[in-house]
Amino acid sequence: MKQWSGQEQIVPEEEQVKTVKWYENPDGVTKACALVLLVAGLASLYLFCGDFWDKTFRLAVSGNVKALAEYLRSFGSYAVLVSFVIDVLINMGSVFPSVFVSTANGLIFGLPLGVTISWLAETVGVVFSFLLMRFFFRNTAERVIRKANKLQDIDRASEKNGIVWMTFARALPYFPSGILTAIGAVSRMSVRDYIIANLIGKFPSTALEVIIGHDIVNFHQYTVRLTLLVLLAAVIFYLGKRHLLDKGKMS
């Protein structure tokens, strides 16, 4: 039995830990409301335009670029908006490749406009994905990185100079987008730096993807250019990926 010493031990205020429920925390309430609004918005889109989204997403990830291009053309003056929104949503999910939509953009709008639309849409999509991972699914992103030793190497490399590293990594064509988004979400990189890095880095990689996709569909017209671009993309991807992993091992 504990004896009373005659003096009550006073715990300093800064050492007192108060359990705060999520609904008592303004930050927690904001996150919860934002998540509810996001889910409600997506549910509303599916409820009122379910057939449209089903058909569009099936075509967007099917690999049938010609059919996707014809479908987008059917929207006339709204084709740019529809393509942009679809490209943003695919990049937000970071599950399906957006290269088919990017290729269709090159076929429909021509290379200069097609590259611009795809570049901006992909950038917006990965920024939204970054925000979702950082504020709602950070634990999931950390688990993904912990499961793979190579991803941990890349994560360590990104800590030294986040904005330069992310810019370089995003410039690699065909590099898995979700991996870079997860690494950015768990890093100390600011939202501003992440946006800048993606705006700069996404342009060369997206341009290569759009032009290569365009030339594959029109193979007989652009055989030489396609061959050179495929070789260039392969060399950039190999050397860039190797450099990123080596930097991680040396960190």
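In which helix does Asn-198 lie? In this predicted model, Asn-198 belongs to helix H10, which spans residues 191-217. With a relative accessibility of 0%, Asn-198 counts as buried, because the cut-off for that label is anything under 20%. Leaving aside residues up to four places away in sequence, the neighbours that Asn-198 touches are Trp-119, Thr-123, Val-126, Met-166 and Arg-170. Two of these, Met-166 and Arg-170, fall within helix H8, residues 162-170, while Trp-119, Thr-123 and Val-126 fall within helix H5, residues 111-135.

Stepping back to the whole chain, the fold is built from eleven helices, with zero strands. Read along the sequence, the pattern is simply α-α-α-α-α-α-α-α-α-α-α. Of the 251 residues, 39% are buried. Among contacts with a separation of 6 or more, 73% link residues 24 or more positions apart.

The pairing of H4 with H5 comes next. Helices are described here in the usual way, by the angle between their axes and the distance between the axes. Helix H4 (residues 99-109) packs against helix H5 (residues 111-135) at about 145°, and the two axes sit 7 Å apart. The crossing of H4 and H5 is right-handed. On the H4 side, the contact is made by Ser-102, Asn-105, Gly-106 and Phe-109, and on the H5 side by Leu-111, Leu-113, Gly-114, Ile-117, Ser-118 and Glu-122. Sorted by class, that contact has four nonpolar, five polar and one charged residues. An α-helix has 3.6 residues a turn, so residues three or four places apart point the same way.

H4 itself is mostly covered, with nine of its eleven residues buried. The buried stretch of H4 takes in Val-101, Ser-102, Thr-103, Ala-104, Asn-105, Gly-106, Leu-107, Ile-108 and Phe-109. Right after H4 comes Gly-110, with a positive phi near 85°.

At the other end of H5, Phe-137 lies in the loop that leads to helix H6 (138-147). Is Phe-137 buried or exposed? Neither label fits: a relative accessible area of 41% makes Phe-137 partly exposed, because that value lies between the 20% and 50% cut-offs. The C-alpha atom of Phe-137 is 9.8 Å from that of Val-186, though the two residues are 49 apart along the chain. Val-186 is the last residue of helix H9 (177-186).

Thr-181 also lies in helix H9. In contrast to Phe-137, partly exposed at 41%, Thr-181 is buried, with a relative accessible area of 0%. A second long-range pair involves Thr-181 and Met-133, whose C-alpha atoms are 7.9 Å apart despite a gap of 48 residues along the chain.

What about empty space in the model? Rolling a probe the size of a water molecule over the atoms shows where such space is left. The largest pocket holds about 350 Å³. Its lining comprises 23 residues, and those nearest the pocket centre are Pro-97, Ser-98, Phe-175, Pro-176 and Ser-177. Helix H3 (79-93), H8, H9 and H10 each supply at least two residues of this lining. H9 gives the largest share, four residues. By class, the lining of the largest pocket has 13 nonpolar, six polar and four charged residues.

Notes:
Residues are numbered from 1 along each chain as its sequence is written. This is a predicted model: local features need pLDDT of at least 70, side-chain atom pairs count only at pLDDT 80 or more; totals for chains, interfaces and linings use all residues. Side-chain values use heavy atoms; hydrogens and water are left out. On a 1 Å grid over the protein atoms alone, a cavity is a set of points where a 1.4 Å probe fits but cannot get out, and a pocket is an open set with protein on both sides within 12 Å along at least five of seven lines; lining residues have an atom within 4 Å of a point. Grid points are joined across faces, edges and corners, and a volume is the space filled by probe spheres set on the points. Ala, Val, Leu, Ile, Met, Phe, Trp, Tyr, Cys and Pro count as nonpolar, Asp, Glu, Lys and Arg as charged, and the others, Gly among them, as polar. Axes are lines fitted to C-alpha atoms, for helices over the stretch in contact, and angles run from 0 to 180 degrees between N-to-C directions. A crossing is left-handed if the near helix is turned anticlockwise from the far one by less than a right angle, and right-handed if clockwise. Contact means heavy atoms within 4.5 Å. Buried means under 20% relative accessible area, exposed over 50%, partly exposed in between (1.4 Å probe, protein chains only).
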